[in-house]
Amino acid sequence: MMQTSGIIICLSYILGLLFTAIPWGGVWILLLGVVGAVFFRRIYNKLRKFALKKEGAVGKTKAAVNNWTGTPHPRIWLIAGLVGLLATVYLQLRVPQPGIKDISQFAAGDNSNFEQLVIVRGLVDSNPRVTRSQRGQFWLAATQLDEVKNNQGPAGISKGVTGRLYVTVPILQSTGLYPGQQIAVTGFLYKPTAASNPGGFDFQKYLRQEETFAGLIGRQINILDDERPWGWWQVREKIGRSQASSLGVPEGPLVSAMVLGGKAVDLPYDIRDLFVKAGLAHALAASGFQTSLILGVILQLTKRANKATQITLGGLGLITFLFLSGFQPAVLRAVIMGFAALVGLALERNVKQLGSLLIAATLLLLFNPLWIWDLGFQLSFLATLGLIVTASPITQRLDWLPPAIASLISVPLAATIWTLPRLLEFSSVIPIYSVPLNILTTPFISIVSIGGMISGLVSLISPDLGSTLASFLYYPTHWLIQLVEFFANLPGSLVAVGSISTWQMLTIYFLIILVWLVKWWQKRWWFAGLIAVGLVIVPVWHSANNLVRITLLETRTEPVLVIQDRGKTTVINSGNEGTGRFTILPFLRQQGINQINWAIASKFPGYTHDAWLEIMQSLPIKNLYEYTANLENNIETQILQQQLQKHQGIYQNLPLGQLINTPTIMAQLINDQVPILKLQIFNQSWLLVGNIKSQQIAELIKTGDLSSPQVLWCPSESLQDLVLALKPQIAIAPGSNLDSKTLSSLSKGQTKLFFTGKDGAIQWTPNGDFQTFIQTTENKSSVL
């Protein structure tokens, strides 16, 4: 009875944290507790009467009757409802907020054009890492802020500050930094921005989860204190150096990441992306697999020793691993469950894994309730839950296979079943070959993990010997990388199905739970599977065949348009390097788009082929039109053509003024010096204009090259002149740095203004007006 009551109260606490996503969530869970108490009171009274008759009323206490019936007292449901209500309040109290002296209070706003050079003093709070843009990145605990006068030296204004900073500096400046070091960084403070495009990365949310509210773009670092205090980072660094010296890159960092976790090792991004794309991201996360290996090896080596020795050494092993890999949610969960197994060994009792998982979740969420929204935390618990409750039933259904093979199949399949709905809601893609790849790579991962742990421990005593032992892992690690590369590069290895809604995800999980708990559904698991697949596929199919929409993405460079026309997709322009990877691809994946039918590249300032090449690494382009005749024999153009040919795409280099006519749009570049692209999309005229001067506007209007469009896109500097000359219905500019006088003048006209720097992506559908992504997102958030 106490076990059932404890389960109910723990689950109510977790549900209370989850209910913070809906209005008045705490009140709703309290009402559920009241309803549960009323409903189960009748059942409880009937069972109690039956128990008294069966066992005899004389000498029977209420507790004894409760234990006999196995039903918790109705007041437990009331307590559970109250616990859920308090959980919602507790989470709100724990949401990080910048203090009065937090350094973010002195950072320039998102739309500010003023950049004040500052010197920030503080302590390095992490090992430096290399970003995708090849800059050094680390966290800084700020203590003092000095403003720089005329970019020459301190202005004499010094403030004591608190808070953490996300710091990026030139890579050579960050070399040699270590946690605890006192430094002064000269650079520019800024406030992080939220996602400005559908599917985009929310930098503001990411920093808030790290209890950080500002960033610093550093230019120079001055070391104030070169004393090297001892820390676990030195142990991690020693292990990483020893393994990398004999294995090289990327094999060395990969072995270290598989032992200590990807967050504790600066793993190259191409390897990290490769494993994520193939569905093997869990191999780079320190969690249950490593703790199971540690406990298994220690208990096997000490099987002849007494229990006290086994438990002591096992506990020390778990604690050492925790400090080495860092206090990450997944590691903490695995360590708590490891200690639960040691407790079971001490008491000579079998520990219920499901109960220990629930206790681990409750303890961690009491420590930090904000982890309830941490993706790593969620996936770690979902995968473990899948292994506990689903792996065995799958193995039993595969009894026609040898037990070892059946287990190899059931473990990754069970974890995938429980994590895939959450991953779909988050990333919108399915790694098709994830399960077979997990089966094939399990032996390699086991060998590399065990060997990496042994070589790592030895390297702490003798780096040379540890490096020698690590060298034997070269071929297994190299073969593992090659195997992952092979599967990741297979056709259709990553399929975008579009982002599913929260309600779709919850419905799928409800079906999974039914199959887990209800015998009728257990016999008809295939039916539940068909319903779950239908919940994902049918909306995607309906949207692909009916959606008509134009999306102007926020890129802050050249205009990038994505036109969706009943399953056909057109992309106009690709921005500069990074735009394809971080802006266009995430949007296309969220929309469930797996190929681009037509792509048009016009010669706007800063145009390169990099973004198109980034896109083609993940999605095929069937037809690419490029208005850059002078680059016809350029090496970059040849590479672009080769990439297109891999997917049987067609490349056409067009001269200035040639009309492009597709079933969706008509496009024409009419000027090369000042890029002017005319578009006709769904009977709507668009005009995309680059940097242009007032006298050029008048000349182009006289020649007829510029005519009044319905929608105008142009840089902010040309906005006033073009709006007054062309009088479009809609005018869109990338920035919002116009002075108040100009804005006031423009607002008096009939043209409706949008600024993607402030409004985010702009979307148009035939049934509605132009919608701004940031405003729409804020409205949805206020509802939820």
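Aspartate 565 is buried, at a relative accessible area of 12%. Its side chain forms a salt bridge with arginine 566, with 2.8 Å between N and O. Arginine 566, in contrast, is exposed, with a relative accessible area of 52%. The two labels follow from the cut-offs, because buried means under 20% relative accessible area and exposed means over 50%. The model described here is predicted.

**Salt bridges**

Across the whole structure, a search finds 11 salt bridges. Three of them are listed below.

| Basic residue | Acidic residue | N to O distance |
|---|---|---|
| Arginine 132 | Aspartate 273 | 2.7 Å |
| Arginine 164 | Glutamate 210 | 4.0 Å |
| Arginine 566 | Aspartate 565 | 2.8 Å |

Arginine 132 and aspartate 273 are joined through their side chains in a salt bridge of 2.7 Å, N to O. This pair connects distant parts of the chain, its members being 141 residues apart. Arginine 132 lies in the loop between strand 2 (129-130) and strand 3 (135-149), while aspartate 273 belongs to helix 9 (residues 269-278). How accessible is arginine 132? Its relative accessible area is 35%, so arginine 132 is partly exposed. Aspartate 273 is also placed in the partly exposed class, with 25% relative accessibility.

In the salt bridge between arginine 164 and glutamate 210, the closest N and O atoms are 4.0 Å apart. Here too the pair links distant parts of the chain, with the two positions 46 residues apart in numbering. Arginine 164 is in strand 5 (residues 164-170), and glutamate 210 is in the loop between helix 6 (203-209) and strand 7 (212-225). Glutamate 210 has 32% relative accessibility and therefore counts as partly exposed. Both residues are part of a salt-bridge network that links Asp125, Arg164 and Glu210.

**Glutamate 626**

Which strand contains glutamate 626? Glutamate 626 is located in strand 14, which covers residues 623-626. Is glutamate 626 buried or exposed? With a relative accessible area of 0%, glutamate 626 is buried.

The side chain of glutamate 626 makes a polar contact of 2.3 Å with the side chain of tyrosine 651. Leaving aside residues up to four places away in sequence, glutamate 626 touches Ala601, Tyr607, His609, Thr637 and Leu640, and also Tyr651, Gln652, Asn653 and Leu654. Tyrosine 651 thus appears both in this contact list and as the partner in the polar contact.

Methods. Residues numbered from 1 in each chain as written. Predicted model: local features only at pLDDT ≥ 70, side-chain atom pairs only at ≥ 80, totals over all residues. Heavy atoms only, no water. Helix = DSSP H or I, 4+ residues; strand = E, 2+ residues; numbered from the N terminus. Buried < 20%, exposed > 50% of the residue type's maximum accessible area, 1.4 Å probe, protein only. Polar contact = N/O pair within 3.5 Å; in protein donor to acceptor, adjacent residues only side chain to side chain. Contact = heavy atoms within 4.5 Å.
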